[in-house]
Amino acid sequence: MKVIIQRVDLDTCLTGLIMDADESDTVICRRGNASMEDLLNPAVLCIEAGGSGWGRLNDFDHHNIEDYLPPACWQALVHQKKLNPELIRLARYVAMVDEAEPVFPYPGFPSLSALFSGMLLTEKEPVAQFFRGLGILKRVLADGIDPYGVMPDISEWRLFRAAKIRNGEQARNSFREARFLASKSGLTVGYLETLAIGGMGRLYRAGCDVGILFSPNFGNPPVPKFTIAGNGIRVFGLKPVFDELEPGWGGQQTIIGSPRQGTALSRAQVLEVVTRHL
């Protein structure tokens, strides 16, 4: 099977697992959406690579549309009519993480999300990340591990755990420089510039209604990137405003991001848009 993705995250990998992707498949990581030829071909599995709402064609995405669609993994679960309770619970957890919804109560370290982030920090090549991610999720299901709990000490996961600990130290240092502002409607907006993963959760825990993260070197190859997320607050309405300044912004109801090829906007421009329009 041919599988097309744009980036690797929990939602992408769980969708692949639900759709029975494995290492015999040809996985292609693109910076942009899949071609229309691939999107219209049900023999090609497109995960978060365009075709939002086209599950009948094996396209699972939920970005860049006005109407709400659940994360790709939940769409795939419904499409495949899989009723395994453990898989459903895992999909609910992944959907919360994907929609930047805080998971309460916080389970402790390492959470599944933290462990997965550590894997992404350890393995830099996207296709290898995808298969490593599949492996983590398969182990969670096979061992009956609660996705909402603390991940057990499994030998092959220790490297991921250590990478996430180092990342956490970097994030704590970066957070000292966080800025907090009030939006036009009185929302608390937090801004954080960091190379570390996990900054949005720190902003939420600091009381922010909306978080703005800026990474000067995001992804592979590295590009400057802004991510804007609302703690239960819809931010997708900002997309057309940003598109006027810089075409290519994308996202969903509670989280949006700058173009995949990188952003040229300044911190001041982004803060002005967010505080003026929310």
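This is a short walk through the cores, the sheet and one surface patch of the structure above.

Keep in mind that the model is predicted.

Let's start inside. In general, nonpolar side chains of soluble globular proteins tend to be buried together. Here, the largest nonpolar core has 43 residues. Which residues have the most contacts inside it? They are Leu 14, Leu 112, Phe 116, Phe 130, Ile 136, Leu 137 and Trp 157. Several elements each supply at least two residues of this core. Among them are strands E1 (2–5) and E3 (44–47). Helices do so too, including H1 (10–18), H5 (112–122) and H6 (126–142).

Take Leu 137. Set aside its neighbours within four places in sequence. Leu 137 is then in contact with Leu 10, Cys 13, Leu 14, Leu 17, Leu 90 and Leu 112.

Apart from the largest core lies another, of 22 residues. Leu 187, Ile 233, Val 241 and Leu 271 are among its members.

Now the sheet. It is open, with four strands in the order E2-E1-E3-E4, and the pairing is parallel. Why do E2 (26–29) and E4 (59–60) each have a side without a neighbour in the sheet? Both stand at the edges, so each has a single partner strand. For E4, look at its pairing with E3: parallel, over two bridges. Ile 47 has Phe 60, in E4, as its bridge partner.

Last, the surface. Tyr 106, Phe 109 and Ile 165 make a nonpolar patch of about 290 Å². Phe 109 sits in the loop between H4 and H5. Is Phe 109 buried or partly exposed? Partly exposed, because its relative accessibility is 33%.

How values were computed:
Residues numbered from 1 in each chain as written. Predicted model: local features only at pLDDT ≥ 70, side-chain atom pairs only at ≥ 80, totals over all residues. Heavy atoms only, no water. Core = buried A, V, L, I, M, F, W, Y, C linked by side-chain atoms within 4.5 Å. Buried < 20%, exposed > 50% of the residue type's maximum accessible area, 1.4 Å probe, protein only. Contact = heavy atoms within 4.5 Å. Patch = residues over 30% accessible without salt bridge, like charges linked within 9 Å, V, L, I, M, F, W, Y side chains within 5 Å. Areas by Shrake-Rupley, 256 points an atom, 1.4 Å probe, with all protein chains shown as cover. Salt bridge = Lys/Arg side-chain N within 4 Å of Asp/Glu carboxyl O. Pairing = 2+ DSSP bridges.
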